[in-house]
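Please read the following points alongside the sequence and the structure. They take up one helix and its surroundings first, and then some details of the backbone.

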Amino acid sequence: MRKAWPRRRATPALHIVTLDGQPWNLSAERGHAVLLNFWASWCEPCRSEMPMLEKFAREQRETGLHVLAVNYREGEPAVRRFLKSNALALDVLRDADGAAAKAFGVNIFPSTVAIDAHGRTHVVAVGELDVGDLAELVRQMA
């Protein structure tokens, strides 16, 4: 299911941390389209989607698209264990208190938020996506 972002609604200012505890700010991504994939290790569709998401991120890196996995309310050790046990090397942000998910209206996991290079949110895609779905989100932002 895709939920269009209301045209008059601003993209939330997003200030969270990377898996390594470094501050991350959505406004610093201006000039790059961004896909924020909200997930949790306890979510089976999230786990199923992760390898494809990582592959898509690698393939799109040269286009300037940034694909970020935003973990929902799990501790850093749990996230690291999940990534290591699944041999994943995605760029991960931590939504430790759930405020980022709430700001984007995310309450079903996984959900992917598509934000264009100008910082405008276009859509929130709810549920597990495949490569074609992700490519379509990117096309819609162009």
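Is the crossing of α1 and α4 left-handed or right-handed? The points below, which concern a predicted model, begin with that pair of helices.

1. Crossing of α1 and α4. The crossing of these two helices is right-handed. On the side of α1, the contact is made by M52, L53 and F56; on the side of α4, V131, L134, A135 and V138 take part. The two helices pack at an angle of about 45°, and their axes are 10 Å apart. Because angles under 35 degrees count as roughly parallel and those from 65 to 115 as roughly perpendicular, this angle makes α1 oblique to α4.

2. Length of α1. Helix α1 covers residues 44-60, which is 17 residues. At 1.5 Å a residue, a span of 24 Å is expected, and the end C-alpha atoms are 25 Å apart, so the two values agree.

3. Bend in α1. At which residue does α1 bend? The bend, of about 40°, is at M50. A proline, P51, follows within four residues.

4. Buried residues of α1. The buried residues of this helix are C46, E49, M50, M52, L53, E54, F56, A57 and Q60. M50, the place of the bend, is thus also one of the buried residues. Against which elements do the buried residues of α1 pack? Their partners are two strands, β4 (34-39) and β5 (66-72), and two helices, α2 (76-85) and α4 (131-141). Among the buried residues, M52, L53 and F56 are the ones that α1 brings to its contact with α4.

5. Cis peptide bond. F109 and P110 are joined by a cis peptide bond, with omega about -5°. P110 is found in the loop that runs between α3 (99-103) and β7 (111-115).

6. Positive phi at R73. In the loop between β5 and α2 lies R73. Its phi is near 55°, a positive value in a residue other than glycine. Is R73 buried or exposed? Its relative accessible area is 52%, and since exposed means over 50%, R73 is exposed.

7. Positive phi at A87. A87 is placed in the loop between α2 and β6 (91-95). Phi of A87 is near 50°, again a positive value in a residue other than glycine. With a relative accessibility of 65%, A87 counts as exposed.

Note on methods. Residues numbered from 1 in each chain as written. Predicted model: local features only at pLDDT ≥ 70, side-chain atom pairs only at ≥ 80, totals over all residues. Heavy atoms only, no water. Expected span 1.5 Å × (residues − 1). Bend = angle between axes of the 7 residues up to and from the residue. Buried < 20%, exposed > 50% of the residue type's maximum accessible area, 1.4 Å probe, protein only. Contact = heavy atoms within 4.5 Å. Axes fitted to C-alpha atoms, helices over the stretch in contact; angles between N-to-C directions. Parallel < 35°, antiparallel > 145°, perpendicular 65-115°, else oblique. Left-handed = near helix turned anticlockwise from the far one by under 90°.
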